[in-house]
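Dear colleague,

Please find the structure below, as agreed. My notes on it follow directly after.

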Amino acid sequence: MKESDIKEVLSEIEQHNESWFQDIYERNKDNLDAPSLWYRGTNISYQEMLKEANRYAKSLRKLGIKQGDEVSACLSNTPELIYLLLAISMLGAKINLFGSQFDQDYIKKIIDDCSSKVFFATDCQYEDIKNITLESSIEKIVLVSLTSSLKDGIDPYDEVDKIFCEFRNKIPEFQCENDKIIDVKEFAAFGDDM
């Protein structure tokens with residue numbers, strides 16, 4: 001990268017004072033039907049992505065999340081992660097994102113130190129840390145299935161994926177064990193009346 005290019009990028013960053021949501025919207029407002037995310041054969045447009053992020057922001061707001069609050073999350077790379085990041089950006093909150101492979105004591109400290117009483121996890125990650133969440137002061141656990149954004153919940157690459165990970169919605173099983181757990185679709189709809 002040339003020095004002039006670097007200076008141009010740095011200048012743009014210095015002038016940047018808006019949420020990530022607003023920045024993405026401004027850069028793509030004339031092309032909202034274009035693909036923004038591609039997840040396991042599912043194409044998600046900018047319009048769909050921004051709409052879901054807005055729903056997440058309303059739901060977070062309804063749960064009391066405000067500017068400066070810190071939300072903890074243990075999420076895999078799914079569209080729901082992007083929706084949550086955009087929503088948190090819109091509210092001026094922060095996210096503490098970690099993986100389930102971290103030390104259990106460290107994960108407990110992260111969750112306990114966050115100001116928010118809502119926690120987000122992917123069902124495959126939650127399996128490894130569910131005992132930590134039971135001991136915490138978390139009031140709501142929002143679970144995302146790896147299948148949440150798949151057409152009809154079916155992984156088109158199941159034959160290849162099953163070697164590495166099981167794409168199956170485990171949320172109903174976890175809900176039987178813990179009444180604090182809500183499905184991400186239920187969470188997204190929570191703020192629809194705002």
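**Leu146 and its surroundings**

Leu146 touches Tyr39, Ser76, Thr78, Thr122, Asp123, Cys124, Cys165, Glu166 and Phe167, leaving aside residues up to four places away in sequence. Please bear in mind that the model is a predicted one. Leu146 is placed in the loop between β6 and α7. Its relative accessibility is 5%, so Leu146 counts as buried. Between the C-alpha atoms of Leu146 and Ser100 the separation is 15 Å, with the two residues 46 apart along the chain.

The loop between β6 and α7 is also the place of Asp152. In contrast to the buried Leu146, Asp152 counts as exposed, at 66% relative accessibility. The phi angle of Asp152 is near 60°, a positive value in a residue other than glycine.

**The β1-β2 hairpin and Arg40**

Tyr39, one of the contacts of Leu146, has Thr42 in β2 as its bridge partner. Strands β1 (residues 35-39) and β2 (residues 42-45) pair in the antiparallel sense, and four bridges join them. Together β1 and β2 form a hairpin, with two residues between them.

Arg40 is found in the loop between these strands, β1 and β2. Its phi is near 50°, again a positive value in a residue that is not glycine. With a relative accessible area of 24%, Arg40 is partly exposed.

**Salt bridges**

The structure holds 15 salt bridges. One of them joins Arg40 to Asp161, with the closest N and O atoms 2.5 Å apart. Because Arg40 lies in the loop between β1 and β2 and Asp161 in helix α7, this pair ties together parts that are 121 residues apart in sequence. The two partners are covered to unlike degrees: Arg40 is partly exposed, at 24% relative accessibility, whereas Asp161 is buried, at 10%. Arg40 and Asp161 also belong to a network of salt bridges that takes in Asp155.

Two further pairs may be of interest:

- Arg27 forms a salt bridge with Asp23, and their closest N and O atoms are 3.0 Å apart. The two residues are four apart in helix α2, so about one helical turn separates them. Arg27 is exposed, at a relative accessible area of 53%, while Asp23 is buried, at 14%.
- Lys162 forms a salt bridge with Glu159, where the closest N and O atoms are 3.2 Å apart. Glu159 is exposed, with a relative accessible area of 59%.

**A nonpolar patch on the surface**

Trp38, Tyr157, Val160, Ile163 and Phe164 form a nonpolar patch on the surface. Their accessible area together is about 650 Å². Val160, a member of this patch, is found in helix α7, which spans residues 158-161. Val160 is exposed, at a relative accessible area of 52%.

**The nonpolar cores**

In soluble globular proteins, nonpolar side chains tend to be buried together. Which residues of the largest nonpolar core touch the most other members? Of its 33 residues, these are Met49, Tyr56, Leu60, Leu84, Phe120 and Phe187. At least two residues of this core come from each of α2 (20-28), α3, β3 (70-74), α4 (79-91), β5 (118-122), β6 (140-144) and α9 (184-190).

A second core, separate from this one, has 17 residues, including Phe98, Cys114, Phe119 and Ile132.

Phe120 shows how members of the largest core meet. Neighbours within four places in sequence aside, Phe120 is in contact with Leu60, Val71, Ser72, Ala73, Cys74, Leu75, Leu84, Val142 and Phe187. Among these contacts, Leu60, Leu84 and Phe187 are also named with Phe120 as residues that touch the most other core members.

**Glu52 in helix α3**

Helix α3, one of the elements that supply the largest core, spans residues 46-62 and contains Glu52. Not counting residues up to four places away in sequence, Glu52 touches Tyr83 and Ala188. Glu52 and Ile110 are 58 residues apart along the chain, and their C-alpha atoms are separated by 26 Å.

Yours sincerely

How values were computed:
Residues numbered from 1 in each chain as written. Predicted model: local features only at pLDDT ≥ 70, side-chain atom pairs only at ≥ 80, totals over all residues. Heavy atoms only, no water. Patch = residues over 30% accessible without salt bridge, like charges linked within 9 Å, V, L, I, M, F, W, Y side chains within 5 Å. Areas by Shrake-Rupley, 256 points an atom, 1.4 Å probe, with all protein chains shown as cover. Salt bridge = Lys/Arg side-chain N within 4 Å of Asp/Glu carboxyl O. Buried < 20%, exposed > 50% of the residue type's maximum accessible area, 1.4 Å probe, protein only. Contact = heavy atoms within 4.5 Å. Core = buried A, V, L, I, M, F, W, Y, C linked by side-chain atoms within 4.5 Å. Pairing = 2+ DSSP bridges.
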